[in-house]
Each structure stands twice: as C-alpha cells, then as structure tokens.
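Biologist: Please take a close look at the sheet in this model, including what packs on it and which side-chain contacts tie its strands to the rest of the chain. A single connected account would suit me best.

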Amino acid sequence: MGLSLPKHFNRKIARAIAEFNLIEKEDNILVCVSGGKDSTFLLYALAVFREHFAIDFNLGALTVELGFEEEGDYTSLKNWCARLGVPYYKEETQIAKTLLAEESKSSCAQCSYFRKGVMTDFVQNKKYNKLAFGHHYDDAVETFLMSIIYSGQI
C-alpha cells in the first residue's frame with residue numbers, strides 16, 4: 001500500500017507501543033473514529049505500523065452516530081478506511097434523544113458514558129480485544145477540569 005510517516009512520528013509511536021506494551025501479536029484493535037484529526041491520525045498511524053511492524057495485528061474503525069439531526073455524512077470516512085484496508089463500522093444510536101429528554105447539566109459526561117457503552121458492546125460482539133481512542137494532551141486537561149467542575153472529583 002505504501003503508507004508512511006515522518007521518522008520523528010515513527011520513533012515516538014514505536015517507543016510508546018514498546019514502553020506500554022500497547023500492541024501484541026494477533027491483536028484485534030478497534031479505533032474509534034469521529035472524523036476529527038486526532039482519531040483520523042491514530043487510525044492512519046496504526047495502519048502504517050500494521051504494514052511495517054514486525055508484530056501482526058488487525059485493525060477496524062468505528063464511528064458512533066449519536067442521533068443528532070445535523071450529524072454529518074460519513075461516506076468520505078468510510079472510503080478513506082477502505083483505502084487503508086481497514087473495515088469501517090458505524091453504530092447508529094439514540095443517545096442525543098436520551099440526553100435532550102433529560103436536560104441534564106452533565107450531558108458531556110453522560111454522552112461519553114453512553115458512547116463508551118456502545119463501543120464496549122461493539123468490541124465484545126465483533127471480537128476485538130482492544131479499543132483505541134485518539135486523544136491528545138489538551139483532551140486530557142479538558143477532561144480533568146470538567147471532572148473537577150461538574151462532579152467535584154479528580
């Protein structure tokens with residue numbers, strides 16, 4: 001397929017995989033993709049490593065559609081996954097309807113909880129053994145602050 005990344009990305013990703021034992025032989029890894037830059041880059045980077053890595057593993061991609069009326073078209077994401085040789089799945093849910101009916105102050109936390117539940121069920125039903133999320137440092141800080149503000153917990 002000819003996928004590649006710049007060397008400095010390769011080194012950092014390879015070091016993280018080795019240091020934390022993130023990928024093992026014959027893993028089935030499901031990447032949760034929203035179409036944003038973080039999850040899209042994670043999927044691409046793992047596709048590159050799948051092609052060039054000494055460890056054999058499988059990839060899949062999942063988008064959880066929340067059920068908002070203005071949700072986008074995922075055709076281009078599906079096509080991009082096909083070019084990477086990665087099976088693409090989309091789970092349609094009614095999470096938005098539930099959140100809007102409850103009018104809760106912590107809808108971000110509830111949405112996250114429900115999405116992770118959908119992803120966990122999907123992983124178990126499709127025989128994936130690892131779930132991968134594309135988050136960066138800003139996401140971790142934002143989640144930390146939201147946890148403190150909304151629930152008073154760290």
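Modeller: Helix H5, residues 107–125, lies across E1, strand E2 (58–65), E3 and E4, and runs at about 140° to E2. The model is a predicted one, and what follows should be read in that light.

The sheet under H5 is open and has four strands in the order E3-E2-E1-E4, with parallel pairing. E3 and strand E4 (130–133) stand at the edges with a single partner strand each, so one side of each has no neighbour in the sheet. On average, neighbouring strands are turned by 30° against each other, direction ignored. Strands of a sheet pair through backbone hydrogen bonds, in either a parallel or an antiparallel way. Here strand E1 (residues 28–32) and E4 run parallel and are joined by four bridges. Within E4, phenylalanine 133 is the residue that stands opposite cysteine 32.

Take the E4 edge next. Lysine 130 forms a salt bridge with aspartate 27, with the closest N and O atoms 2.7 Å apart. This pair links distant parts of the chain, as aspartate 27 is in the loop between helix H1 (7–20) and E1, while lysine 130 is in strand E4, 103 residues apart. Aspartate 27 counts as buried because its relative accessibility is 2%, against a limit of under 20% for buried residues. The pair is also part of a network of salt bridges that links Glu24, Asp27 and Lys130. The structure holds four salt bridges.

At the other edge, lysine 90 forms a salt bridge with glutamate 65, the closest N and O atoms being 3.8 Å apart. Lysine 90 lies in strand E3 and glutamate 65 in strand E2, so this salt bridge ties together parts that are 25 residues apart in sequence. Lysine 90 also meets the side chain of glutamate 92 in a salt bridge, at 3.8 Å from N to O. The three residues differ in accessibility: glutamate 65 counts as buried at 14%, lysine 90 is partly exposed at 37%, and glutamate 92 counts as exposed at 59%.

Glutamate 65 has a further partner through its backbone. Its backbone oxygen is reached by the side chain of threonine 93 at 2.7 Å. Threonine 93 lies in the loop between strand E3 (88–92) and helix H4 (95–102). The side chain of threonine 93 also reaches the backbone nitrogen of isoleucine 95, at 3.4 Å. Threonine 93 has a relative accessible area of 12% and is therefore buried. Beyond residues up to four places away in sequence, threonine 93 touches Val64, Glu65, Leu66, Gly67 and Val118.

The nonpolar packing comes next. The largest nonpolar core has 25 residues, and those with the most contacts inside it are Ile29, Val31, Leu43 and Leu59. At least two residues of this core come from each of H1, E1, helix H2 (37–52), E2 and helix H3 (75–84). With six residues, H2 gives the most to this core. The surroundings of valine 31 can be listed in full: not counting residues up to four places away in sequence, valine 31 touches Ser39, Leu42, Leu43, Leu46, Leu59, Gly60, Ala61, Leu62 and Ala132. A second core, separate from this one, has 13 residues, and Cys32, Ile95, Leu99 and Val123 are among them. Cysteine 32 thus appears twice in this account, as a member of that second core and as the residue opposite phenylalanine 133 in E4.

One residue outside the sheet completes the account. Serine 4 lies in the segment before H1 and is partly exposed, with a relative accessible area of 49%. Leaving aside neighbours within four places in sequence, serine 4 is in contact with Tyr44 and Val48. From serine 4 to lysine 130 the separation is 126 residues in sequence and 23 Å in space, C-alpha to C-alpha.

Terms used: Residues numbered from 1 in each chain as written. Predicted model: local features only at pLDDT ≥ 70, side-chain atom pairs only at ≥ 80, totals over all residues. Heavy atoms only, no water. Buried < 20%, exposed > 50% of the residue type's maximum accessible area, 1.4 Å probe, protein only. Polar contact = N/O pair within 3.5 Å; in protein donor to acceptor, adjacent residues only side chain to side chain. Contact = heavy atoms within 4.5 Å. Pairing = 2+ DSSP bridges. Axes fitted to C-alpha atoms, helices over the stretch in contact; angles between N-to-C directions. Core = buried A, V, L, I, M, F, W, Y, C linked by side-chain atoms within 4.5 Å.
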